[in-house]
Every structure is written in structure tokens, then in C-alpha cells.
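Here are my notes on this one, jotted down while clicking through it. Have it open in your viewer as you read.

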Amino acid sequence: MERKVVITGCGIWSCLGTTLEEVRQSLYDGRSGIQFSQERKDAGFRSALCAAVPPVDLKPYVNRNFRQFMPEEAQYAYMATRDALASARLEQDYIDQHEVGIIYGNDSVAEATMRSLDKFRQFGSTAACGSGAIFQSMNSTVTMNLACLFHLKGINLTASAACASGSHAIGLAALLIRTGMQDCVVCGGAQEANMYGVASFDGIQSFALRDEDPTRASRPFDRDRNGLVPGGGAATLILESYESAVRRGAPILAEVVAWGISGNGDHISTPNVAGPARSLELCLEQSGLQVKDIGYVNAHATSTRIGDAREAQAIAQVFGDYRVPVTSTKGQTGHEMWMAGASEIIYSMLMMKNDFIAGSLNFENPDDETACVNVVPETRAAHFDTFLSNSFGFGGTNSTLIIRNI
Amino acid sequence: MTRNDIIEQVNGLLSEEFEIEQSEFAPEASLKETLQLDSINLVDLIALVQMTYQITIPVEDLHKIQTFNDLYDYIEQHLPA
């Protein structure tokens with residue numbers, strides 16, 4: 001028998017805030033988390049824009065020997081997970097006595113890898129890499145660190161699926177809970193925010209050129225968009241079977257109704273319409289809902305010319321005559337990449353729980369290809385009980401989630 | 001560099017790297033116990049010596065370095081001229 005999957009806790013470390021209340025307020029106010037980076041300009045970036053992600057001080061929480069194992073993205077994930085566990089009222093005693101798992105999205109460890117190999121090459125000794133280098137420079141660094149720190153004894157898995165990593169992590173966790181293989185899974189996505197993680201991405205000319213006006217640079221669906229702005233941080237959700245949540249007396253925030261997936265099987269970086277559309281269709285089919293049941297779509301739209309256009313067409317194709325309200329929170333956050341699929345569930349839940357839709361920042365005019373969707377430009381009061389969230393990634397990996405209020 | 005210079009500099013580096021107060025250091029105290037080293041982060045001690053003094057400690061020499069004094073001795077004896 002399939003079980004109902006619910007969300008019982010959330011935590012986030014983002015450029016919009018490091019508490020849910022800060023993030024809610026930033027979303028409502030349309031505050032941008034984007035800044036100009038002189039460091040990137042001086043280093044030779046074509047676009048010197050990035051999200052202003054607050055640094056983490058782990059010293060009060062994690063001892064020195066363990067911190068050696070944790071690169072930037074694991075530090076963000078630790079803080080987000082700490083808050084998520086607290087908000088789900090998951091105490092360590094409970095975790096120690098139950099099989100709690102972790103599935104987290106992460107798809108790069110660039111700075112940690114670079115720094116350790118620089119030392120190796122400089123000193124001609126593998127010991128110079130230091131004790132933490134091997135653990136910091138594996139893609140699964142977030143799950144390996146968090147599983148040990150929080151004593152998680154269930155599934156321990158990293159989802160690496162480019163910019164859909166966080167969404168796939170949630171979808172996989174929900175699937176395992178739905179089928180009864182796990183009762184409770186910590187899931188989310190993390191993204192290193194340093195410049196080394198995205199230098200090569202800047203190199204392929206994907207980033208927004210608007211250094212003189214950072215807060216207006218990320219403009220999903222807008223006619224004058226010219227690229228994405230890289231972001232970072234981490235977002236954690238606690239997924240749990242409904243029975244487990246009730247048994248624990250946990251706060252039940254929302255239900256993960258369905259997960260849709262697809263692959264484009266096409267170009268490595270240029271998305272098509274058919275692939276994303278099939279992800280949406282499968283998700284809707286799995287949910288048993290009609291398109292008119294969806295009150296809001298949090299789009300993947302990253303502010304690239306082709307990506308936004310193809311997604312707009314996919315949404316329009318699937319939703320037909322129903323002009324569902326659509327925004328992309330990336331106008332405020334930039335593209336949080338491996339983290340985005342998880343953080344955007346939290347952003348959307350904050351809107352759903354507080355009866356508003358945050359306006360799609362910097363959307364001023366559609367173009368011929370994005371006019372087919374109903375982009376909400378300004379924050380407005382709105383009550384909705386169900387939303388759909390898209391995440392698409394390089395290589396044509398697509399993931400869609402439908403979440404319902406409880 | 002005098003032995004006292006080495007002791008002062010090494011203690012400062014170890015304290016900063018391993019986040020242990022220098023007041024807990026003693027010449028005959030065990031490095032492993034004082035710095036809370038295990039088989040994995042022992043490599044950070046090796047790396048620190050290598051990067052600061054350009055001295056490579058071969059694995060077969062590690063057993064000779066048990067106390068703070070052993071470490072001062074090793075560095076003093078192997079400092080490049």
C-alpha cells in the first residue's frame with residue numbers, strides 16, 4: 001500500500017536569509033540577494049555577479065577535527081539541516097533509536113578539490129592535501145558529513161543531477177517513504193557559492209551581463225534577460241510518512257503529492273520543450289490532479305534566453321487554456337543550482353503558508369516566446385493549496401514536484 | 001633559528017591548527033593526546049611541518065615523534081641549512 005509523504009520541517013541558508021522568517025520577508029518584499037563581486041571581476045570573470053550568501057561559523061557547533069571534512073557546501077547544509085531537524089522536532093534521542101536517512105543534492109566540490117590539489121602540486125606531497133581533503137572533495141561530501149554528524153542510519157545517498165539535484169533528492173526520498181522502505185528522510189540540496197565552482201560556467205558565457213545593476217540582472221522570462229546569476233547555500237526538508245509524523249506528534253506542513261521525471265536525450269546544455277513537458281505531465285498523472293488544481297507554478301526559469309523560453313512553452317503546452325500563475329524566485333536568488341530544487345520548495349511553501357505569491361523580480365516585459373505563460377510581476381495576496389515546482393539540468397535531466405498544503 | 005624560536009613558533013602553529021590552548025602543551029606530553037590526533041588527522045601535523053619548514057616526515061619516522069619535545073627535536077635536526 002502506498003503511504004502518504006509529508007514535510008515536517010524545513011531549514012535554509014540562503015542569500016534571502018538564514019531563518020524561514022527572514023526568507024519569507026525577503027520574498028514578500030521582493031528583496032534581491034544579488035551583488036557585484038570585485039573578487040570575481042579582478043579574477044577575470046566575464047560576469048562579476050553572484051548571490052550574497054552569508055558565511056557560516058561552525059565553531060560553536062562542530063569540533064575542529066570534524067570541520068576539516070566539511071567544505072563550504074557541507075557547512076551550509078549543516079546549518080540548514082540543524083534548523084530543519086529542530087523545526088520538525090526531531091530530537092537526537094529519536095534519531096538514535098530510529099532509521100532516519102539522508103538524500104541530498106550536490107554536484108560540485110570545486111574549491112575543496114582545487115585547494116587540496118594546489119597544495120599537493122606546490123609541496124610535492126600527498127600529505128600536504130591535509131586530512132580533510134578526500135572527504136571534502138567527493139561529490140557525496142554533504143551526505144557523508146551530515147550522516148555522521150547527526151548519526152543518520154537510514155539511506156545515505158547523494159543525488160547528482162546538475163541543476164535538478166535538489167528536486168531529485170526530494171523526489172527519491174518521497175518515493176522510498178511512499179513504498180515503505182524508509183519512514184523519515186532528511187533531504188535537500190547544497191551549492192558552493194565560491195567563484196571557483198562556477199568559473200567554467202562563466203566561461204561558456206551563460207551568466208548575466210549587467211554588472212552595473214546587480215539586483216536587476218536576474219530577470220527570468222523578461223524580454224531583456226541575458227543570462228543567469230550564480231547563487232548558493234543549502235536547503236533542507238524533513239520528509240516523513242504521515243503515520244510516522246502523527247506518531248511523533250510532529251508539525252505536518254505539507255504533502256509531497258507527486259514526482260515527475262524525464263530526460264531530454266538531446267543537447268547537453270540546450271533544453272527542448274518535449275522533455276520538460278513530459279516531466280510535468282508525469283507528475284500531474286502521478287498526482288491524480290487536474291491542471292486547475294495547481295494554484296501556482298514555481299518555474300525553473302534561470303534567466304537564460306533559450307531555457308526560459310522552452311520552459312514557458314512546456315508549461316503552456318501542459319496547462320492549456322488555464323493560465324496558472326507562474327514565477328521564478330531566481331529573480332531574487334539567482335540560480336541556486338544543486339540547491340535550487342530544494343530551496344524553491346521552501347520558498348513556495350512559505351508563500352503557500354502565508355497566502356501570497358512573490359512577484360517574479362525584474363519581469364517587466366515578456367518576449368514572443370515567454371508571453372504564453374502568466375508571469376506574476378509583483379507580489380500579491382493569493383491563496384493556493386497546491387503548487388508545482390520545476391527543476392531542469394544540464395544533460396537534459398528534468399524533475400517536477402507537486403506539493404499540497406496540509 | 002634557535003630551539004626557543006622553534007618551540008614558540010611550533011606551539012603557536014599547533015594551537016591555531018588544532019584549536020587547543022597552548023597552556024595545555026608540555027614538553028613531555030603526548031602529541032596525540034594533547035592535540036586529539038587520530039590516524040586521519042595526524043596527517044595535518046605532517047602537512048603543517050612540511051608546509052612551514054619544508055621538512056618531509058617519512059611514515060617510518062612518525063613513531064619517533066611521540067611528545068612535543070620529540071617534534072621540536074625533529075624539526076631542529078632537519079631544518080634546511
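The points below go from confidence to fold, core, one residue and the interface.

1. Housekeeping: this is a predicted model, where local features need pLDDT of at least 70, side-chain atom pairs count only at pLDDT 80 or more, and totals for chains, interfaces and linings use all residues. Residues are numbered from 1 along each chain as its sequence is written, while chains are lettered from A and ligands numbered from 1 in the order in which they are written.

2. On confidence, the model comes with ipTM 0.88 and pTM 0.96. Chain B has an average pLDDT of 94, with 100% of its residues at 70 or above; pLDDT is the predictor's per-residue confidence, from 0 to 100.

3. Chain A carries 15 helices and 15 strands, taken as DSSP runs numbered from the N terminus (helices: H or I, at least four residues; strands: E, at least two). The C-alpha trace of chain A spans about 60 × 55 × 40 Å along its principal axes. Its radius of gyration is 20 Å, which agrees with the value near 22 Å for a compact globule of 406 residues (computed over C-alpha atoms; the rule is 2.2 Å times the number of residues to the power 0.38).

4. Of the 406 residues in chain A, 58% are buried, meaning 20 or more other C-beta atoms within 10 Å of their own, with C-beta atoms placed from the backbone (12 or fewer is exposed, in between is partly exposed). Contacts here mean C-beta atoms, placed from the backbone, within 7 Å. Among chain A contacts with a separation of 6 or more, 81% link residues 24 or more positions apart.

5. The largest nonpolar core (buried Ala, Val, Leu, Ile, Met, Phe, Trp, Tyr and Cys joined through C-beta atoms within 7 Å) holds 120 residues, and A:I170 and A:L239 are among those with the most contacts inside it. Helix α15 (residues 340–353) of chain A gives the largest share, nine residues. A second, separate core of 18 residues includes B:L14 and B:F68.

6. Is A:S391 buried or exposed? A:S391 counts as buried because it has 33 C-beta neighbours inside 10 Å. A:S391 sits in strand β14 (residues 386–393) of chain A. Beyond four places in sequence, its contacts include A:C163, A:H300 and A:S399.

7. At the interface, twelve residues of chain B contact nine residues of chain A. Helix α3 (residues 42–53) of chain B supplies six residues, the largest share of the chain B side.

How values were computed
Contact = placed C-beta atoms within 7 Å.
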